[in-house]
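Biologist: Can you take me through this model? I would like to start with the overall layout and then go on to details.

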Amino acid sequence: MYVDKFGRQWTSGEAEKHYHFNGKRLLKGSLAIECYADLSGDDSVYQDEAFDYLKYYRVNRAGWDEKTLIQKSDEAVAKFDKLFEKIGKENFIFYDDGDVDCDVKINGKRR
């Protein structure tokens, strides 16, 4: 048994790391898409199911067990990956540590 800094018990440190890595990807990804929307003026991205699912996930995660947390966080990450594909991955920079930066062109120049 592994207990994280928030007091949640995990079956292993790897399970906890996977969940928190997904959390970082969701936070950084949603912020990068927000940046994209601000710079491009494309607010339609907020209508994507990824943002609806993220709201559902954030509201309900406190009551989920480990298996459900990991499953739902994996599903949320997959929905954001689809949204990145839809927008165009060329508008973002993806890092191995889960970070994402907006890299959109404005008037033919990179931001």
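Modeller: What follows goes from the whole chain to salt bridges, pockets and a few single residues. This is a predicted model, so local features need pLDDT of at least 70 and side-chain atom pairs count only at pLDDT 80 or more, while totals for chains, interfaces and linings use all residues. Residues are numbered from 1 along each chain as its sequence is written, and side-chain values use heavy atoms, with hydrogens and water left out.

Biologist: How many helices and strands does the chain have?

Modeller: The chain has 3 helices and 6 strands. Both are DSSP runs numbered from the N terminus: helices are H or I with at least four residues, strands are E with at least two. Starting at the N terminus, the order is β-β-α-α-α-β-β-β-β.

Biologist: What does the C-alpha trace span along its principal axes?

Modeller: The span is about 55 × 25 × 20 Å.

Biologist: And what share of the residues counts as buried?

Modeller: Of the 111 residues, 36% count as buried. Buried means under 20% relative accessible area, exposed means over 50%, and partly exposed is in between (1.4 Å probe, protein chains only). The chain exposes about 7,000 Å², with carbon and sulfur atoms supplying 48% of that area. Accessible areas come from the Shrake-Rupley method with a 1.4 Å probe; for residues, only the protein chains shown count as cover.

Biologist: What about contacts between residues at least 6 apart in sequence?

Modeller: Among those contacts, 57% join residues at least 24 apart. A contact means heavy atoms within 4.5 Å.

Biologist: Switching topic. How many salt bridges are there in the whole structure?

Modeller: A search finds 6 salt bridges. The term means a side-chain nitrogen of Lys or Arg within 4 Å of a carboxyl oxygen of Asp or Glu. Side chains of opposite charge can pair when their charged atoms come close.

Biologist: Which residue does Lys24 pair with?

Modeller: Lys24 pairs with Asp97, at 3.4 Å from N to O. The two are 73 residues apart and link distant parts of the chain: Lys24 is in helix α1, and Asp97 is in the loop between β3 (92–94) and β4 (100–102).

Biologist: Why do both count as partly exposed?

Modeller: Lys24 counts as partly exposed because its relative accessibility is 30%. Asp97 gets the label because its relative accessible area is 41%.

Biologist: Where do Glu14 and Lys17 lie?

Modeller: Both lie in helix α1 (residues 13–40), 3 residues apart, which is about one turn of the helix. Glu14 and Lys17 form a salt bridge, with the closest N and O atoms 4.0 Å apart. Glu14 is exposed, as is Lys17.

Biologist: And what does Lys89 form with Glu85?

Modeller: Lys89 and Glu85 form a salt bridge with closest N and O atoms 3.4 Å apart. Lys89 is partly exposed, with a relative accessible area of 38%, whereas Glu85 is exposed, at 52%.

Biologist: On to pockets. How much space lies in the largest one?

Modeller: About 250 Å³ lies in the largest pocket. Of the 13 residues lining the largest pocket, Tyr19, His20, Gly23, Tyr57 and Arg61 are the closest to its centre. On a 1 Å grid over the protein atoms alone, a pocket is an open set of points with protein on both sides within 12 Å along at least five of seven lines, and lining residues have an atom within 4 Å of a point; a cavity is instead a set where a 1.4 Å probe fits but cannot get out. Points are joined across faces, edges and corners, and a volume is the space filled by probe spheres set on them.

Biologist: Which element gives the most to that lining?

Modeller: Helix α1 gives the most to the lining of the largest pocket, with 5 residues. The lining of the largest pocket divides into 7 nonpolar, 2 polar and 4 charged residues. Ala, Val, Leu, Ile, Met, Phe, Trp, Tyr, Cys and Pro count as nonpolar, Asp, Glu, Lys and Arg as charged, and the others, Gly among them, as polar.

Biologist: What volume does the second largest pocket have?

Modeller: Its volume is about 150 Å³. There are 14 lining residues, and the closest to the centre are Arg25, Asp81, Phe84, Phe94 and Val100. Helix α3 supplies the largest share of the lining of the second largest pocket, 4 residues.

Biologist: Last one: how far apart are Lys67 and Gly88 in space?

Modeller: Lys67 and Gly88 are 31 Å apart, C-alpha to C-alpha, and 21 residues apart in sequence. Lys67 is in helix α3.
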